[in-house]
Amino acid sequence: MNFKNKNIIVGICGGIASYKTADLVSKLRQKGANVKCIMTSHAQEFVKPVVFGELSGNQVFTDMFGEIKEWDVEHISLAMWADIFVIAPATANILGKCSNGIADDMLSTTLIATKKPVLFVPSMNSNMFENQIVQENIAKLKSYGYYMLEPDIGHLACNVIGKGRFPKTEKIIENIDKILSGKKLLSGKKVVVTAGGTKEEFDPVRYIGNYSSGLMGYSIAKAAAKEDAEVILISTENFEEIYENLKIKKVKTANEMRSASLTLYDEADVFIMAAAVADYRPEKKFTKKVKKENIENLCINLVKNPDILMELGKNKKTQFLVGFAAETNNLIENGLKKLKNKNLDMLIANDVTQSGAGFESKTNIVSVIYKDGKIDSYPKMSKIELGEILINKISSALE
């Protein structure tokens, strides 16, 4: 993502997580944003303004009645200059002020004056966050159109584990990008994506699997969530839920993935089968670890797994169904055959023998095959970038 020529105000409140905002300011500037910071008096007890001045390359605003450097009413000029406000960390204090129209310092006054999008990033003790008054203030702000990024669950500075942890920088940036990106292509749509390679166990410590990292499916799910779809990612791998509208359901085996897929299929507008499902599984799963002593040749009888994509294609009603084909030869020929046999609307085919493509790579080289036989081929690019392209293609096909 690129924030070139975007003006971003970062408001820093007096929470212990305020030091983490330094990384946010730095990353936003690296991505091309013009960043200006407003610090509350309490925030300055944790981090000195000079830190954010150096990282942003701009004056840090701290005082409504400080030395006049420009003959503008600063809180009004800042409110008009910004494309978006990001309040990180957002304390219970600032949430209460803003929800009740209180403007008694530089940050709260500028917030009341702006008509631009505002993203609050609450971070505080879990008891404070769960307090009924704080929750009512959050709900009130949401109802007025303010954006709210849910805090993470984890170890807090007060030495307890709970909800209130400051989110990772990348998660905040993803949400800023989502807000600034404007029109959403998949608003009101429900999208299900599968990702990762299934793991077919034959004893408690071993399984048959493949090299899939799940990154391609995850990238597609993130791109769909960014376009305001309600997204469920059925994954064999552990991923972070970047957006509130991206939920992850963890599975392990092909049968578990089949069960989850069929459960969600009827409600899906778009179903994207990006997972690498094992074709076979051990017929028998040993309850104890198989020891190598006295076994020179271990034979494992394999049985066929259900073809999930074939089953989805047979039961398709109004869903837009997308499949993937990882091939080592005859890419287009095999892809066209799979698209037709499985009743797909679109198929993403990639030759895993190519350098920079395939399971373990962060990049991919694919051809998109459409139901009418049209083919779009793409050069090597990151799976994140490719995920955004594919969601755009799917969105266009739904129109």
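Here are three short exercises with worked solutions on salt bridges and a surface patch.

The model is predicted, so local features need pLDDT of at least 70 and side-chain atom pairs count only at pLDDT 80 or more, while totals for chains, interfaces and linings use all residues. Residues are numbered from 1 along each chain as its sequence is written, and side-chain values use heavy atoms, with hydrogens and water left out.

**Exercise 1. A pair within one helix**

Find the element that holds both K27 and D23, and decide how exposed each residue is.

Step 1. Start with the contact: K27 and D23 form a salt bridge with an N to O distance of 3.0 Å. The term stands for a side-chain nitrogen of Lys or Arg within 4 Å of a carboxyl oxygen of Asp or Glu. Side chains of opposite charge can pair when their charged atoms come close.

Step 2. Now place the residues. Both belong to helix α1 (residues 21-30), four residues apart, or about one turn of the helix. Helices (H or I, at least four residues) and strands (E, at least two) are DSSP runs, numbered from the N terminus.

Step 3. Check the accessibility. K27 is partly exposed because its relative accessibility is 31%, and D23 is partly exposed because its value is 32%. Here buried means under 20% relative accessible area, exposed over 50%, and partly exposed in between (1.4 Å probe, protein chains only).

**Exercise 2. The partners of E201**

Which parts of the chain do the salt bridges of E201 with K252 and K285 link?

Step 1. Take K252: its closest N atom lies 3.2 Å from an O atom of E201 in their salt bridge. K252 sits in the loop between β13 (246-250) and α10 (254-265) and E201 in strand β10 (residues 200-203), so this pair ties together parts 51 residues apart in sequence.

Step 2. Turn to K285, whose side chain meets that of E201 in a salt bridge (2.6 Å, N to O). This pair links distant parts of the chain, with K285 in the loop between β15 and β16 (302-304) and E201 in strand β10, 84 residues apart.

Step 3. Add the exposure: E201 counts as partly exposed because its relative accessibility is 23%.

**Exercise 3. A nonpolar patch**

Name the residues that make the nonpolar surface patch of about 410 Å².

Step 1. The patch is made by Y280, I295, L298, I300 and L302. Patch residues have over 30% relative accessible area and no salt bridge, with like charges joined within 9 Å and nonpolar side chains (Val, Leu, Ile, Met, Phe, Trp, Tyr) within 5 Å. Accessible areas come from the Shrake-Rupley method with a 1.4 Å probe; for residues, only the protein chains shown count as cover.

Step 2. Look at one member: Y280 lies in strand β15 (residues 280-282).
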